[in-house]
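Ready for a few short exercises on strands and contacts? Have a look at the structure first, then try each task before reading its solution.

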Amino acid sequence: MKAIRLALAIFSLVFIISCDKENKENITTEIPEIISLTSDKTEIKYGASEPAKLKCTALGDNLKYVWEVDFGDLFVINTDGSEVQFTASPCCMGKKTIRCKVSNSGGKVTESIEITIVE
Amino acid sequence: MEIMRNLLFTIFISIYFINASHAQCCSAGNPATNNGVLGTSKNVLNVSSSVIHSYSDTYYEGNQPTDWNYLKNMRFNFAMLNFEYGLTNKIKLTSEIGYFIDKSLRYGFIDQKRKAYGLGDVVVGIQHHLYNNKTRMLNVFPGLKLSLPVGAFDQMDGNIILPVDIQPSSGSLKMSTSLLITKQFIESKFTTSSFFSSEFSQKINTERTNYKYGNLYRINFKVGYQPSGKTVLGISLNFQHRDKAQNRGEIMEYTGGTYLNLQPSISHTIKQIYTLNTFVGIPIYKNVNGIQLTNKYVLGFGISRSFHLKTFKPQITPNIL
């Protein structure tokens, strides 16, 4: 009986340690760092014929990318969400600020870039 | 007298306007509606619930259709709850809350769509029965409404925060003034009403955007015909003009325009308590600035009921104190 209890205790301890290790692997206290936010175009025509491709390069663990613009359309083009395509309908002509927000459990950082939509 | 009141309810409860130009650009928030219910007496609460479906799929350049292909379509299903309370026999308080069951757009150049849902804006207002000429059967009702952006304005689709124009809430405080004029005819089954309104929005000034909706001006003219005591057939002509919007202090040239739509409607009263309303909005003229996606049709269905609230007398008379 004692042997069973000892085995259960050891198993539980190992289980707890392994879970804790797993959690620690997902938790980071380091704030992400955006190395660069680039676009292959600074000016695009309205419509879908000449989209701009944007890339947000960041350092850190378990990064989540969120993109934002007030008017215009962003489409994620890679698996981790660090690259998008930007197009806009005629309504949205003018200078647009596109933001890339990168976050993990350590914090969140934001970088922005401007693209002008012309006729 | 009671029959006359019910008749008034039936006639005016059908004064229900909706603007069909709630299409693509720069028109987030609740669709512009005006439920010109009259006849709400003191301590009478009128509750109405409605569902509105709107579909847009045609690009216009000026006043002509164009084969421009960017969005394939845009549509929404919107549920609305209205409360109207007669504070006095002349003053009525109104409130409106709306929820987008589905607000979505589909792109024409890529097989993707965006979808939003959630609470729109909350509207509170006051309407005054300013003028009543019983001989001429003419009534005038000025009103004031305030639209509060309490709903969702930061909805996401995957890694993308949705653009302003598809968010359920307008994100902007709006004020609208209105004037409703109604005219009935002695021993006639016809009634007419005119509705004028203007809406002004406050600039949205956040990290995300610096944007101001164009002012909105509306004129509606409606003729109602009552073939029986319970049913009212109506047809209204709705004119709307929206000024160009502004973004970061610059005018957005391809926003705003002038629209005219025809709106047949039917109202039917059941057991003198419930009133069912249904309408369809059909655009008959559009003249947009630049190129814009425009509305194809709007459908609406609603039900309303009035409650006579009791007035409670104070339990302690002032003489005792």
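The exercises below concern a predicted model.

**Exercise 1. Work out how many residues each chain gives to the contact between chain A and chain B, and which elements of chain A take part.**

Step 1. Count a pair of residues as touching if their C-beta atoms, placed from the backbone, lie within 7 Å. With that cut-off, the contact draws 20 residues from chain A and 27 residues from chain B.

Step 2. Now look for the elements of chain A that supply two or more residues to the side touching chain B: these are strand S3 (47–59), strand S4 (64–68) and strand S5 (73–76).

Step 3. Sort the residues on that side of chain A by character, and you get twelve nonpolar, five polar and three charged.

**Exercise 2. Follow S4(A) to its partner in chain B, then to S7(A) in its own chain, and find the residues opposite A:Trp67.**

Step 1. Across the chains, S4(A) pairs with strand S11 of chain B (residues 160–161); the sense is parallel, with two bridges. Here A:Trp67 has B:Ile160 as its bridge partner.

Step 2. Within chain A, S4(A) runs antiparallel to strand S7 (residues 94–104), and five bridges join them. In S7(A), the residue opposite A:Trp67 is A:Cys100.

Step 3. Carry on from S7(A) to strand S8 of chain A (residues 107–118): eleven bridges link this antiparallel pair. One of the partnerships is A:Arg99 with A:Ser112. Two residues make the hairpin connection between S7(A) and S8(A).

**Exercise 3. Trace the strands of chain B that pair with S22(B), and find the residue with a positive phi in the hairpin.**

Step 1. Start with strand S3 of chain B (residues 44–61), which pairs with strand S22 of chain B (residues 291–308) in the antiparallel sense over 17 bridges. B:Ile52 faces B:Gly300 in this pairing.

Step 2. Next take strand S21 of chain B (residues 274–288), which is also antiparallel to S22(B), over eight bridges. Here B:Thr275 lies opposite B:Ser304.

Step 3. The hairpin of S21(B) and S22(B) has two residues between the strands, and B:Gly290 is the one to pick out, with a positive phi near 70 degrees.

**Exercise 4. Give the strand order of the four-stranded open sheet in chain B and name its edge strands.**

Step 1. The order is S14-S15-S18-S19, with antiparallel pairing.

Step 2. Strand S14 (204–205) and strand S19 (250–251) each pair on one side only, making them the edges.

Step 3. To check one neighbouring pair, take strand S18 (residues 246–247) and S19(B), which share two bridges; B:Gln246 is partnered by B:Ile251.

Methods:
Residues are numbered from 1 along each chain as its sequence is written. Chains are lettered from A and ligands numbered from 1 in the order in which they are written. This is a predicted model: local features need pLDDT of at least 70, side-chain atom pairs count only at pLDDT 80 or more; totals for chains, interfaces and linings use all residues. Two residues are in contact if their C-beta atoms, placed from the backbone, lie within 7 Å. Ala, Val, Leu, Ile, Met, Phe, Trp, Tyr, Cys and Pro count as nonpolar, Asp, Glu, Lys and Arg as charged, and the others, Gly among them, as polar. Two strands pair if DSSP finds at least two bridges between them.
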